[in-house]
Amino acid sequence: MLVGYARVSTSDQDTGPQIDALREAGVEKIFKENASGGRWDRPELHRMLEMLREGDQVVVWKLDRLSRSLLDLLQVIRTFDEEGIGFRSVTENVNTTTPAGRMLLQMVGAFAEFERSMIRERTKAGLEAAKARGAAIGRPKALTEDQIKEATKMIQSGDKSKADVARLFQVHPSTISRLVPTKLLSE
């Protein structure tokens with residue numbers, strides 16, 4: 001069965017042109033969605049994914065209608081492939097049921113992997129440069145050393161529980177458990 005998915009991001013947009021193209025492509029069932037392509041909490045997408053069976057083919061008007069992220073798109077299409085479900089994009093003329101379509105998708109996947117590697121490399125270089133300049137990297141500490149010492153004293157003396165200290169310093173109790181030395185508490 002040919003199953004279509006049409007998506008727009010905002011309520012003032014219209015799925016009409018997508019639906020027309022999907023019908024022209026021979027799609028029998030169409031799922032329409034009004035949601036961002038960067039989000040995965042799309043009910044119509046999940047309804048479609050649940051009803052797909054081996055031998056079905058998902059048809060979209062453009063690749064970005066299924067997902068705005070190339071990584072997510074490739075993962076969904078990989079899942080389709082594993083389950084024996086084909087994929088076709090009308091506009092880009094990608095069809096994973098043909099050898100040429102599978103090859104094209106593998107090339108796109110290779111470029112996506114290359115881009116991920118480049119992003120990792122640039123991020124690492126940026127972090128190293130920032131550290132060399134003396135910039136503080138990472139999340140700021142929840143408590144100062146003096147606050148940790150004070151929290152430890154309060155808990156050791158029995159005046160306050162870990163939960164009480166967490167409320168006092170306005171941090172999560174797990175922060176206290178992680179920062180206050182446990183061997184001191186057990187002595």
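Start at the second largest pocket, whose lining consists of 5 nonpolar, 1 polar and 4 charged residues. This is a predicted model.

**Stop 1: the second largest pocket**

Select Arg-139, Pro-140, Lys-141, Ala-142, Leu-143, Glu-145, Ile-148, Thr-175, Arg-178 and Leu-179, which together line this pocket. The space inside amounts to about 180 Å³. Now colour helix 6 and helix 8 (173-179), the elements that each give two or more residues to the lining. Helix 8 provides the largest share, with 3 residues.

**Stop 2: Met-154**

Stay with helix 6, which covers residues 145-157, and pick out Met-154 in it. Is Met-154 buried or exposed? Its relative accessible area is 15%, so Met-154 counts as buried, the cut-off for buried being under 20%. Show its contacts next. Leaving out neighbours within four places in sequence, Met-154 is in contact with Asp-159, Lys-160, Val-165, Leu-168 and Phe-169.

For a sense of distance, select Val-27 as well. From C-alpha to C-alpha, Val-27 and Met-154 lie 68 Å apart in space, and 127 residues separate them in sequence.

**Stop 3: the largest pocket**

Select Leu-74, Ile-77, Arg-78, Asp-81, Thr-96, Arg-102, Leu-105, Gln-106 and Gly-109 to display the lining of the largest pocket. The volume of this pocket is about 240 Å³. Which elements give two or more residues to its lining? They are helix 4 (70-82) and helix 5 (99-132). By class, the lining of the largest pocket splits evenly, into 3 nonpolar, 3 polar and 3 charged residues.

**Stop 4: the sheet**

Switch to a cartoon view and find the strands. An open sheet is built from 5 strands in the order 2-1-3-4-5, with mixed pairing. At its edges are strand 2 (29-34) and strand 5 (94-95), each of which pairs on one side only. Add helix 2 (residues 43-51), which packs on the sheet and touches strand 1, strand 2 and strand 3. The direction of helix 2 makes about 155° with that of strand 2.

Then go through the pairs of strands:

- Select strand 1 (residues 2-8) and strand 3 (residues 57-60): they run parallel and are joined by 4 bridges. The bridge partner of Leu-2 in strand 3 is Gln-57.
- Select strand 3 and strand 4 (residues 86-89): they too pair in the parallel sense, over 4 bridges. Val-58 has Phe-87 as its bridge partner in strand 4.
- Select strand 4 and strand 5: their pairing is antiparallel, over 2 bridges. Ser-89 has Val-94 as its bridge partner in strand 5.

Zoom in on the link between strand 4 and strand 5. These two strands form a hairpin, and 4 residues lie between them. One residue to click in the turn is Asn-93, which has a positive phi of about 55°.

**Stop 5: Thr-15**

Finish at Thr-15, in the loop between strand 1 and helix 1 (16-24). Why does Thr-15 count as buried? The reason is that its relative accessible area is 12%, while buried means under 20%. Which residues does Thr-15 touch? Not counting residues up to four places away in sequence, Thr-15 touches Ala-6, Arg-7, Val-8, Lys-32 and Glu-33.

Notes
Residues are numbered from 1 along each chain as its sequence is written. This is a predicted model: local features need pLDDT of at least 70, side-chain atom pairs count only at pLDDT 80 or more; totals for chains, interfaces and linings use all residues. Side-chain values use heavy atoms; hydrogens and water are left out. Two strands pair if DSSP finds at least two bridges between them. Contact means heavy atoms within 4.5 Å. Axes are lines fitted to C-alpha atoms, for helices over the stretch in contact, and angles run from 0 to 180 degrees between N-to-C directions. Buried means under 20% relative accessible area, exposed over 50%, partly exposed in between (1.4 Å probe, protein chains only). On a 1 Å grid over the protein atoms alone, a cavity is a set of points where a 1.4 Å probe fits but cannot get out, and a pocket is an open set with protein on both sides within 12 Å along at least five of seven lines; lining residues have an atom within 4 Å of a point. Grid points are joined across faces, edges and corners, and a volume is the space filled by probe spheres set on the points. Ala, Val, Leu, Ile, Met, Phe, Trp, Tyr, Cys and Pro count as nonpolar, Asp, Glu, Lys and Arg as charged, and the others, Gly among them, as polar.
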